Amino acid sequence: MRCGNVFARVAAYLILSGMALVFLIPVAMMVSGSLKPDHLVLPEAGRLVKLLPTEPTLENYRDVFARVPFARYMVNSIFITGTIVSCGLLVNSLAGYALSRLHWRGRKAVLTGVIALIILPLEAIAVPLFYEVTLFGWRNTYLVQIVPFIANAFSVYLFYTFFLELPEELEEAARIDGARPIRIFFSIVAPNSQPVFAAVAILTFLTQWGSFLWPLMVTHSESVRPLPLGIALFYTLPPLQWGDIFAFGVMMVLPMLMVFLLFQRWFVQGVASTGMKG
Amino acid sequence: MATPSKRTNSPVLDGLRREQDTPTAWIFALPALAGLIFFVLAPFLLALFLSFTNLRLGSPLPLEFTGLRQYARIFADAAFLRALQNNTVFALMVVPVQTALALGLALLINQPLRGMVVFRTLFFTPVIFPLSLVSVIWILIFAPGPDGTLNSLLQWLTLGAWEPRDFLHDPRLALPAITVTSIWQGVGFQMVILLAALQSIPAELYEAARVDGARKRQQFVHITLPALKNPLTFVILVTTILAFRLFDQVQIMTRGGPNHATTTVMYEAVNAAFGSQQVARGAAMTVVFFTIVLTLTLVQRRIAGQERATS
């Protein structure tokens, strides 16, 4: 019995370590490629020993800034995603609160409508939305990349279910003391709902930070384009220099990676919460 | 769904209470509702409407109702049919493999062993990589010739017998290559959802089963699997829908080629609307896409609903 246990343990570690390599090697390739002279990246792509660059150089990083407006892409991405996340938290939590706690005419109908809209992914409306924003004259702006994504049915639903399960006593007491809903929300409900705010912030961040299809459709100037579109365009910009592309990739993912490692627990809980509500 | 109010004994008070917050509540809900109406509901209705017209951006022709003509056209279009087929094949490859892999990893990580958090972090990391970056990295892995990462790995494994392939330009291998890329990026997401479900199973259940003399395997079949049923159907649904949303990888890695071998419904819709300004045609494809997503969702609800009814 004990012997079998040890064997199972070793097997588990072996499988997990093998899988870990599958997940690590592509990332390591990117990092190591970003430190190699451009002409060596492709020829050495198949040699595991070459994952350690023989003569590391930072030249690729300099080239990125010389060839494309990297800093601009970065600022755009941060601004667009940051605005969507912060406005989204406010707008969707207020709606979730109204749906779960306030007593009003139309509540049931609105709730049903919101739940129905959850199944519409961006892809199902991208084409008509593209037409709509063309009519508004919004193409190639920040506005077009931000405003349509602030209100989100799934976020409203996550807030709604969370607030439903919050104990009502605190709010009742404040209500009896005559506090208005807006005050109750900001001073009592929101401070006690960090998990759901974190989950919604992270899920929104994950989808918006990688957004590619929509900016591809609605933007045509580097001045408003975000990072994911930036790297795809950089890849098609001749001459094809793998070192530069990977330097772009490293710089693009580094801030995100740091946020992830710092708030890992929240990321995992946020993602797990989507499954619980399904 | 809980009713938000505590009932009093007076029907008049109840009636008043039920509507006491009406103005405030509308103010609270309005920004989100306005956004959803303008940017989700309206475009969706617009898609339905446009799909029955001949609208082209910048066309001098007047807007005309053409009935089902757009639908007739797209279903007669070989590229669109190929796209539907590709999405289906892609789903049939991604869904079982990714779900099984996510479940396997979740079960392994759920063991009370040291260092499991490190593995969880590692497997989840690609989820935070934008798909466009992942696509670019994997282009190098699939690079043609003996220097490409995968080619040289396969040559090493087969002691040189492997003939180097140009994966992304091979009509038979391009879609599987995109499949591998997508699984690599996405499996961590599903794994975390399943892991959370595993960890929410009360330990007492296993304890009781052990006391009753149930073996590991019996415990798995009678405790673990039933507890995973709903999260698993959810994960399968989400992965299937994701498979039909496939776009970024195709746009970056193959541009739908070679010869439509990797084109998808979204790739065709975007190209129709955006590339050739045929908004009505793109809208019709969008409606087809939505119908697929809706059908999948209803099927999943049915399965989950049955589960709830029987348990």
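Helices, in the sense used here, are DSSP runs of type H or I with at least four residues, numbered from the N terminus. One such element of this predicted model is helix H9 of chain B, which covers residues 203–211. Glu207(B) and Arg210(B) lie 3 residues apart in helix H9 of chain B, so about one helical turn separates them. Their side chains meet in a salt bridge, with an N to O distance of 3.4 Å. Glu207(B) is partly exposed at 44% relative accessibility, and Arg210(B) is likewise partly exposed, with a relative accessible area of 44%.

This pair belongs to a wider set, since a search of the whole structure finds 7 salt bridges over all chains. Another of them in chain B joins Asp170(B) to Arg165(B), at 3.8 Å from N to O. Here the two partners fall on opposite sides of the 20% limit for burial: Asp170(B) has a relative accessible area of 18% and is therefore buried, whereas Arg165(B), at 34%, is partly exposed. In chain A, the side chains of Arg225(A) and Glu222(A) form a salt bridge of 3.2 Å, N to O. In this case the arginine, Arg225(A), is buried with a relative accessible area of 11%, while Glu222(A) is partly exposed at 30%.

The overall form of chain A can be considered next. Chain A contains 15 helices and 0 strands. Its radius of gyration is 24 Å, well over the 19 Å that the globule rule gives for 278 residues, so chain A is more spread out than a compact globule. The C-alpha trace of chain A spans about 70 × 70 × 30 Å along its principal axes. Of the 278 residues in the chain, 55% count as buried. Contacts within chain A also link distant parts of the sequence: among those between residues at least 6 apart, 74% join residues at least 24 apart.

Chain A meets chain B through an interface in which 97 residues of chain A are in contact with 96 residues of chain B. The area buried between the two chains is about 8700 Å², and carbon and sulfur atoms give 78% of it. On the side of chain A, the residues that lose the most area to chain B are Leu16(A), Phe23(A) and His103(A), which together account for 9% of what that side buries.

Polar and charged interactions across this interface can be listed as well. Between chain A and chain B there are 8 residue pairs in polar contact, counted where both residues have pLDDT 80 or more. The rule finds 1 salt bridge across the interface. The side chains of Glu123(A) and Arg245(B) meet in a salt bridge, at 2.8 Å from N to O. Helix H1 of chain A, residues 2–34, gives the most to the side of chain A that touches chain B, contributing 15 residues. By residue class, that side of chain A divides into 74 nonpolar, 13 polar and 10 charged residues.

Chain B also holds a helix with little exposure to the surroundings. Helix H6 of chain B covers residues 131–141, and 10 of its 11 residues are buried, so this helix is largely enclosed by the rest of the structure. Among the buried residues of H6(B) are Leu133(B), Val134(B), Val136(B), Ile137(B), Trp138(B), Ile139(B), Leu140(B) and Ile141(B). The buried set of H6(B) also includes Ser132(B) and Ser135(B).

Technical notes:
Residues are numbered from 1 along each chain as its sequence is written. Chains are lettered from A and ligands numbered from 1 in the order in which they are written. Side-chain values use heavy atoms; hydrogens and water are left out. Contact means heavy atoms within 4.5 Å. Buried area is the accessible area (1.4 Å probe) that two parts lose on being put together, summed over both. A salt bridge is a side-chain nitrogen of Lys or Arg within 4 Å of a carboxyl oxygen of Asp or Glu. A polar contact is a pair of N or O atoms within 3.5 Å; within protein, one must be able to donate a hydrogen and the other to accept it, and residues adjacent in sequence count only if both atoms are side-chain atoms. Helices (H or I, at least four residues) and strands (E, at least two) are DSSP runs, numbered from the N terminus. Ala, Val, Leu, Ile, Met, Phe, Trp, Tyr, Cys and Pro count as nonpolar, Asp, Glu, Lys and Arg as charged, and the others, Gly among them, as polar. Buried means under 20% relative accessible area, exposed over 50%, partly exposed in between (1.4 Å probe, protein chains only). The radius of gyration is taken over C-alpha atoms; the globule rule is 2.2 Å times the number of residues to the power 0.38.
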